[in-house]
Amino acid sequence: MTFRTISLALIASVILLASSHSQNLYPDPGFEQSGVTGEAHSGQKAACLKVGDRQRWVCLGGPLTVEPFATYRATEWVKVKGGSGGLFGPYCYEWNSFDWAFSRSASINDLRDWTIVEVTFLSPYDHIQFHPLAFIDGVQAEAWVD
């Protein structure tokens, strides 16, 4: 392989990376299909997660298909009403038989107005557990994500 071939391969890789960069992998990213009307940041609906009495783990979302070892950025608008405990949005992780690995999250405990939050994450697998909102030991909390 000559230097010219390597350069062309590198340019092609950059172009492919740039084109996949703006792809949204999350189904219903604005929650217009699955959300509820009331506190949307944009559009008519947003996803909402509520807890009353203390609950150890409550979340939205689940497995998300990803390309192994690719770096992803999750950006969300979130808003919280009341509550205590660990409130996160987004919350990403994977289990590797030894520990909770590849974890990334943003704390949203004090975000009473719509605020943009962002995390980057990767997984060595073809999936990752991705939760737009998650409460750990949440009490009397309500959070919205759009």
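**Entry 1: the open sheet.** I started with an open sheet of five strands, and I read its order as β1-β2-β11-β5-β8, with antiparallel pairing. Then I asked myself which strands stand at the edges. They are β1 (36–37) and β8 (115–121); each has a single partner strand, so one side of each is left without a neighbour in the sheet. Note to self: this is a predicted model, so I'm reading a prediction here.

**Entry 2: inside that sheet.** Next I picked one pair from the order and looked at how it is held together. Strand β2 covers residues 45–51, and I found five bridges between β2 and β11, in the antiparallel sense. For one concrete spot, I looked up Ala47 and found Val145 of β11 opposite.

**Entry 3: stepping back.** I wanted the overall plan before going on. How many helices and strands does the protein have? I get one helix and 11 strands. Going from the N terminus, the helix comes up at the start and the strands follow, as α-β-β-β-β-β-β-β-β-β-β-β. I also checked the contacts with a separation of 6 or more: 74% of them are between residues 24 or more positions apart.

**Entry 4: inside and outside.** The protein has 146 residues, and 37% of them count as buried. For the surface, I noted that about 8800 Å² is exposed. Carbon and sulfur atoms supply 56% of that area.

**Entry 5: strand β10.** This one caught my eye. It spans residues 134–139, and I asked whether it is mostly covered or mostly open. Mostly covered, it turns out: five of its six residues are buried. Then I looked for its partners. Strand β3 (residues 55–59) is joined to β10 by four bridges, and the two run antiparallel. Strand β6 (residues 84–95) is also joined to β10 by four bridges, again antiparallel. I jotted down a bridge partner pair from each: Cys59 goes with Ala134 in β10, and Ser84 goes with Val139 in β10.

**Entry 6: the cysteines.** Since Cys59 had already come up, I checked for disulfides. How many are there? The count comes to zero. I also looked at how covered two cysteines are. Cys92 has 1% relative accessibility, and that is under the 20% cut-off, so it counts as buried. Cys59 is at 27%, which lies between 20% and 50%, so it counts as partly exposed.

**Entry 7: a cis bond.** I went back to β6 for its proline. Pro90 is found in this strand. The peptide bond from Gly89 to Pro90 is cis, and I wrote down an omega near -10°.

**Entry 8: positive phi angles.** Last job: residues that are not glycine but have a positive phi. Where is Phe69 found? I located Phe69 in the loop between β4 (62–65) and β5 (72–81). Its phi is positive, about 65°, although Phe69 is not a glycine. Is Phe69 buried or exposed? At 59% relative accessibility, Phe69 is over the 50% cut-off, so it counts as exposed. Gln140 also made my list: its phi is positive too, at about 45°, and Gln140 is not a glycine either. I found Gln140 in the loop between β10 and β11 (141–145). That brings me back to β11, where Val145 stands opposite Ala47.

Notes: Residues numbered from 1 in each chain as written. Predicted model: local features only at pLDDT ≥ 70, side-chain atom pairs only at ≥ 80, totals over all residues. Heavy atoms only, no water. Buried < 20%, exposed > 50% of the residue type's maximum accessible area, 1.4 Å probe, protein only. Pairing = 2+ DSSP bridges. Disulfide = S-S within 2.5 Å. Contact = heavy atoms within 4.5 Å. Areas by Shrake-Rupley, 256 points an atom, 1.4 Å probe, with all protein chains shown as cover.
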